[in-house]
Amino acid sequence: HVSMRLGACHAYLGNIDRAKVLLNEALEIALEHRLPRTTDILNRLCFVGIRSGDIQAAFEHARASGLMAEAQGNTLGVANSYAMMSRTRWQAGDLAAAEFFLEEATIRFERFGSRQGLAEAANTRGELARTRGDLEAAENAYIEACARYRSIGSNSGMFPQLNLGMTYLLAAKFSQARATLDMVETAFEKGDRKAALLVIRLAKT
């Protein structure tokens, strides 16, 4: 558990190599003792794979997590696995597979009643639509994601809000983009998210 938490912290901070070492240590222990948290560790390794550009390894970790969750009868774990597989296929440029996996994730999030999962799925649906160039569908998906995050009181809604602002820019809806990005900038200033603030300020210039 300690290795998993430390690995997750290093991944969040961008220390990818250290995160890999710690999460693999945690995975080895979890597999040896057949711990239920194995699926969580595999999903975190998937995230690290995406961050490091090792998309195939990320996909394999997500798939392994899903198979294990299915064997445990863990519907939410299976849903999270499909969601992660969707993101890996998106990163690999395979939008058809990404959309298939996202639909499978959404069905299971709905079945389980995971409001957090449905919010994340809506944001990913926006990412896929924006990648295809369907800006209207992307806007609608990001708006849905923001509403879903608000309904559970989560600050994570700032990320689809940022995506929405960037989509407004692409669609040349400049007044809406400015208002949206101003709102996100204020929120990120309070949270001291320097990288996100840089992106917003460059977009607004």
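Of the 205 residues in the protein chain, 44% count as buried. The model is predicted. Its secondary structure comes to 11 helices and zero strands. A whole-structure search returns three aromatic pairs and zero disulfides.

**Fold and surface**

- From the N terminus on, the elements of the protein chain run α-α-α-α-α-α-α-α-α-α-α.
- Contacts with a separation of 6 or more were also split by distance along the chain: residues 24 or more positions apart account for 47% of them.
- The exposed area of the protein chain is about 10800 Å². Carbon and sulfur atoms supply 54% of that area.

**Aromatic pairs and cluster**

- The search of the whole structure gives three aromatic pairs. In one pair, the ring centres of Phe59 and Phe101 are 6.0 Å apart, and the planes meet at 50°, so this pair is tilted.
- That pair links distant parts of the chain. Phe59 belongs to helix H4 (residues 55–72) and Phe101 to helix H6 (residues 95–112). The two residues are 42 residues apart.
- Phe59 and Phe101 are both buried.
- One aromatic cluster takes in Phe59, Tyr82, Phe100 and Phe101.
- Phe59 also has a charged neighbour: Arg89 lies over the face of its ring, at 4.6 Å from the ring centre.

**Cysteines**

- Zero disulfides turn up anywhere in the structure.
- Cys46 has a relative accessible area of 0%, so Cys46 is buried. The cut-off for buried is under 20%.
- Cys146 counts as buried because its relative accessibility is 5%.

**Helix H9**

- Helix H9 covers residues 158–170, which is 13 residues.
- From its first C-alpha to its last, H9 reaches 18 Å. That is close to the 18 Å expected at 1.5 Å a residue.
- Which residues of H9 are buried? They are Pro160, Gln161, Leu162, Asn163, Leu164, Gly165, Thr167 and Tyr168.
- Just after H9, Ala172 adopts a positive phi of about 60°.

**Points to carry forward**

- For the helix-to-helix link, start at Phe59 in H4 and Phe101 in H6. Both residues are buried, and both belong to the aromatic cluster with Tyr82 and Phe100.
- For the charge over a ring, look at Arg89 and the face of Phe59.
- For the backbone after H9, look at Ala172 and its positive phi.

Methods. Residues are numbered from 1 along each chain as its sequence is written. This is a predicted model: local features need pLDDT of at least 70, side-chain atom pairs count only at pLDDT 80 or more; totals for chains, interfaces and linings use all residues. Side-chain values use heavy atoms; hydrogens and water are left out. A disulfide is a pair of cysteine sulfur atoms within 2.5 Å. Buried means under 20% relative accessible area, exposed over 50%, partly exposed in between (1.4 Å probe, protein chains only). Rings of Phe, Tyr and Trp (its six-membered ring) pair if their centres lie within 6.5 Å; planes under 30 degrees apart count as stacked, over 60 as edge-to-face and the rest as tilted. Helices (H or I, at least four residues) and strands (E, at least two) are DSSP runs, numbered from the N terminus. A charge sits over a ring if NZ of Lys or CZ of Arg is within 6 Å of the ring centre and within 35 degrees of the ring normal. The expected span of a helix is 1.5 Å times one less than its number of residues. Contact means heavy atoms within 4.5 Å. Accessible areas come from the Shrake-Rupley method with a 1.4 Å probe; for residues, only the protein chains shown count as cover.
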